[in-house]
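Here are some short exercises to work through with the model open beside you. Try each task before reading its solution.

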Amino acid sequence: LGVIETVYPDLTAEAGDEATPPANLPESPRRVVTHTGSSAIVLAVDLDALMREARRTRGTVEFVPQVGDFLSVDEPLFVLHGGATTIDDDKLRASTALGPERTMEQDPLFSFRILVDIGLKALSPAINDPTTGVLAIDQIHRLLRSVGRRRLRGEVLADGLGDPRVIYRTPNWEDFVHISCTEIRHCGASNVQIARRLRALLENLILSLPRHRHRALMEERDRLDLALKALYPIPADLALAGVPDSQGLGGSTGARGRG
């Protein structure tokens, strides 16, 4: 939760405040800086340092990978536009933290990945522990609700005149929804607990998050409906699996739009 608030410090108001402004990049010159050393995972990037260099040279620095990406030797690390082509390669590489495995320092999506993996392991036929799967969804729900309330910044940082200075990739709202729901739905919809808890997550967030968050959640709810129809041939079982339940099975039904 702390990483989410740090990476996305502002609350969202409406869809327009997340729109990525046009880049208007200079056509030339252009230079690519590649990764050297050994293959690694991108752990973090110092955007403030990149912004200072881009402003100093009146150019644009494009950070090619996303935090959390695997980076092989000689893959593009930066693309420099305009005056930024004069920035020293070592200074640029020093702004990037690399390591052998992902961390949550600037990678809130990784926390979702960990929780989903816990849920998938619990739902595997060898373990068959849907109650632990429900507990994992509880925490995914908590994080997804926090992300849904934040402004997921666009991929362009501009200076005071509106000129693009730093370009970098970040997960969007659909990415967070997909990682939260897709694999758990595929592996767990055949279990009544998981189906009901997943629906409770979706219904609650539709009620409690801003309107521009609803589409991705409604689309995921539609996919859940289709999966349940294929999995539950008995009408009474289908009706039972289709009820939102915050405890999975046995809790109070219905989605609560908590403030």
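**Exercise 1.** In which helix is I114 found?

*Solution.* Keep in mind that this is a predicted model. Looking up the position, we find I114 in helix α4, which covers residues 108–123. Next, look at its surroundings: I114 joins M104 and I118 in a nonpolar patch on the surface. Together these residues offer about 230 Å² of accessible area. Finally, check the exposure of I114 itself: its relative accessible area is 33%, so I114 is partly exposed.

**Exercise 2.** Find the partner that R31 meets in a salt bridge, and work out which parts of the chain the pair ties together.

*Solution.* Start with the chemistry: side chains of opposite charge can pair when their charged atoms come close. Here the partner is D89, with 2.7 Å from N to O. Now place both ends: R31 belongs to strand β1 (residues 30–34) and D89 to helix α3 (residues 89–94), so the bridge ties together parts that are 58 residues apart in sequence. As a last step, consider exposure. R31 has 25% relative accessibility and counts as partly exposed; D89, at 24%, counts as partly exposed.

**Exercise 3.** Classify each partner of the salt bridge between R102 and D107: buried or partly exposed?

*Solution.* First confirm the contact: the side chains of R102 and D107 meet with 2.9 Å from N to O. The cut-off we need is that buried means under 20% relative accessible area. R102 has 25% relative accessibility, so R102 counts as partly exposed. D107 has 4%, so D107 counts as buried.

**Exercise 4.** How are R223 and E220 placed within helix α8, and how does each stand in terms of burial?

*Solution.* Begin with the salt bridge, in which the closest N and O atoms of R223 and E220 are 3.3 Å apart. Both residues sit in helix α8 (residues 214–231); they are 3 residues apart, so about one helical turn separates them. Then compare the accessible areas. R223 is partly exposed, with a relative accessible area of 32%, whereas E220 is buried, at 0%. While on the subject of salt bridges, note that shared partners join E53, R56 and K91 into one network.

**Exercise 5.** How many salt bridges does the structure hold?

*Solution.* The count comes to 18 salt bridges. Among them are the pairs you have just worked through: R31 with D89, R102 with D107, and R223 with E220.

Conventions
Residues numbered from 1 in each chain as written. Predicted model: local features only at pLDDT ≥ 70, side-chain atom pairs only at ≥ 80, totals over all residues. Heavy atoms only, no water. Salt bridge = Lys/Arg side-chain N within 4 Å of Asp/Glu carboxyl O. Helix = DSSP H or I, 4+ residues; strand = E, 2+ residues; numbered from the N terminus. Buried < 20%, exposed > 50% of the residue type's maximum accessible area, 1.4 Å probe, protein only. Patch = residues over 30% accessible without salt bridge, like charges linked within 9 Å, V, L, I, M, F, W, Y side chains within 5 Å. Areas by Shrake-Rupley, 256 points an atom, 1.4 Å probe, with all protein chains shown as cover.
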